[in-house]
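Here are my notes on this model, set out as numbered points. Please read them with the structure open.

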Amino acid sequence: MKRTPKSQLRDVLARNLRLHRAERGWSQERLALESGLNRTYLSAVERSEQNISVDNIARLAAALNIEARDLLEAGN
């Protein structure tokens, strides 16, 4: 897999995604199923290794029943 340069916003998204997923007690596999995304892709997003589209951020937020901005706000 091609490595992407580090990104502070991607790190924030990864941390918030893990936090919201863990609050529900969901595995990556469960979140992937609920959002319709591939688990391997989701894992790379959570490790801040994969860029993610706005559409996929919206899909994850909908699956977690949160606003998309909650995944992008620092300090959550």
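Which residues of the largest nonpolar core touch the most other members?

1. Core. The model is a predicted one. Its largest nonpolar core holds 17 residues. Leu-17, Leu-31, Ile-52, Leu-60, Leu-64 and Leu-71 are the members that touch the most others. Four helices each give two or more residues to this core: H1 (8-24), H2 (28-35), H3 (39-46) and H4 (54-64). H4 provides the largest share, with five residues.

2. Leu-71. Take this core member next. Beyond the neighbours within four places in sequence, Leu-71 has contacts with Val-12, Leu-13, Asn-16, Leu-17 and His-20, among others. The list for Leu-71 also includes Ile-57, Leu-60, Ala-61, Leu-64 and Ile-66. Two of these partners, Leu-17 and Leu-60, are themselves among the core residues that touch the most other members.

3. Overall fold. The protein chain has five helices and zero strands. Along the sequence, the pattern reads α-α-α-α-α. For contacts with a separation of 6 or more, 61% join residues 24 or more positions apart.

4. Size and surface. The radius of gyration of the protein chain is 11 Å. That agrees with a compact globule, because 76 residues would give a value near 11 Å. The C-alpha trace spans about 30 × 25 × 20 Å along its principal axes. Buried residues account for 41% of the 76 residues. The accessible surface is about 4,700 Å², and carbon and sulfur atoms hold 49% of that.

5. Charges. The protein chain carries 13 positive and 10 negative charges. Their mean positions lie 6 Å apart.

6. Helix H3. Why does H3 count as largely enclosed by the rest of the structure? Six of its eight residues are buried, so the helix is largely enclosed. Those buried residues are Tyr-41, Leu-42, Ser-43, Ala-44, Val-45 and Glu-46. The list thus takes in Ser-43 and Glu-46 alongside Leu-42 and Val-45. The cover over the buried residues of H3 includes H1, H2 and H4.

7. Ser-43. This serine sits in helix H3. Is Ser-43 buried or exposed? Ser-43 is buried, because its relative accessible area is 11% and the cut-off for buried is under 20%. Its C-alpha atom is 15 Å from that of Leu-71. The two residues are 28 residues apart along the chain.

8. Backbone at Ser-48. Most residues other than glycine have a negative phi. Ser-48 has a positive phi of about 65 degrees, although it is not a glycine. Ser-48 lies in the loop between H3 and H4. Its relative accessible area is 7%, so Ser-48 is buried.

9. Backbone at Asn-65. Which sign does phi of Asn-65 have, positive or negative? Phi of Asn-65 is positive, near 60 degrees, in a residue other than glycine. Asn-65 is placed in the loop between H4 and helix H5 (69-72). Asn-65 counts as exposed, because its relative accessibility is 70%.

10. The two loop residues together. Both Ser-48 and Asn-65 have a positive phi. Their surroundings contrast: Ser-48 is buried, whereas Asn-65 is exposed. On either side of H4, Ser-48 belongs to the loop between H3 and H4, and Asn-65 to the loop between H4 and H5.

Notes:
Residues numbered from 1 in each chain as written. Predicted model: local features only at pLDDT ≥ 70, side-chain atom pairs only at ≥ 80, totals over all residues. Heavy atoms only, no water. Core = buried A, V, L, I, M, F, W, Y, C linked by side-chain atoms within 4.5 Å. Buried < 20%, exposed > 50% of the residue type's maximum accessible area, 1.4 Å probe, protein only. Contact = heavy atoms within 4.5 Å. Rg over C-alpha atoms; globule rule 2.2 N^0.38 Å. Areas by Shrake-Rupley, 256 points an atom, 1.4 Å probe, with all protein chains shown as cover. Lys, Arg positive; Asp, Glu negative; His and termini not counted. Charge placed at Lys NZ, Arg CZ, Asp CG, Glu CD.
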